[in-house]
Amino acid sequence: MNKENNTSVLVVGAGSIGNHLSNACRSIGWDVSIYDIDENALDRTKNTIYPMRYGKWDKKINLLKTIPSQNNYDVVIQRFSILLLLVL
């Protein structure tokens, strides 16, 4: 499998699905940022959910409390648009 280290992904939502998607994207070498409006969700994903599932927090994942004004992402993944993005 070729790793595409130059692909940048924004995962919207720091819950269970966001954690799985983030880990999958990191496993193929993509740069990942997770955005959630709920600061507590970001804390849980970093300190509890992700480490429990994958052993430890991946320090290369960026946690965002606000979405940057410029769209610097190659892919944006939201729970309800996952299938659409994969088809495109």
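Where does helix 2 bend, and by about how many degrees? Before I answer, please keep in mind that this is a predicted model, in which local features need pLDDT of at least 70 and side-chain atom pairs count only at pLDDT 80 or more, while totals for chains, interfaces and linings use all residues. Residues are numbered from 1 along each chain as its sequence is written, and side-chain values use heavy atoms, with hydrogens and water left out.

The protein has 3 helices and 4 strands, taken as DSSP runs (H or I of at least four residues for helices, E of at least two for strands) and numbered from the N terminus.

Now to the answer: helix 2 bends at Thr45, by about 50°, the bend being the angle between axes fitted to the seven residues ending there and the seven starting there. At the start of this helix, a side-chain oxygen of Asp38 comes to within 2.9 Å of the backbone nitrogen of Asn40, and after the helix comes Gly55, with a positive phi near 95°.

Thr45 is also one of the buried residues of helix 2, alongside Ala41, Leu42 and Tyr50, where buried means under 20% relative accessible area, computed with a 1.4 Å probe and protein chains only. Their cover includes helix 1, strand 2 and strand 3.

From helix 1, let me pick out Asn19, which is buried at a relative accessible area of 0%. Among the residues that Asn19 touches are Thr45, Tyr50 and Arg53, a contact being heavy atoms within 4.5 Å, and the C-alpha atoms of Asn19 and Arg53 are separated by 8.8 Å although 34 residues apart along the chain.

Methods:
Buried means under 20% relative accessible area, exposed over 50%, partly exposed in between (1.4 Å probe, protein chains only). A polar contact is a pair of N or O atoms within 3.5 Å; within protein, one must be able to donate a hydrogen and the other to accept it, and residues adjacent in sequence count only if both atoms are side-chain atoms. Lists of a residue's contacts leave out its neighbours within four places in sequence.
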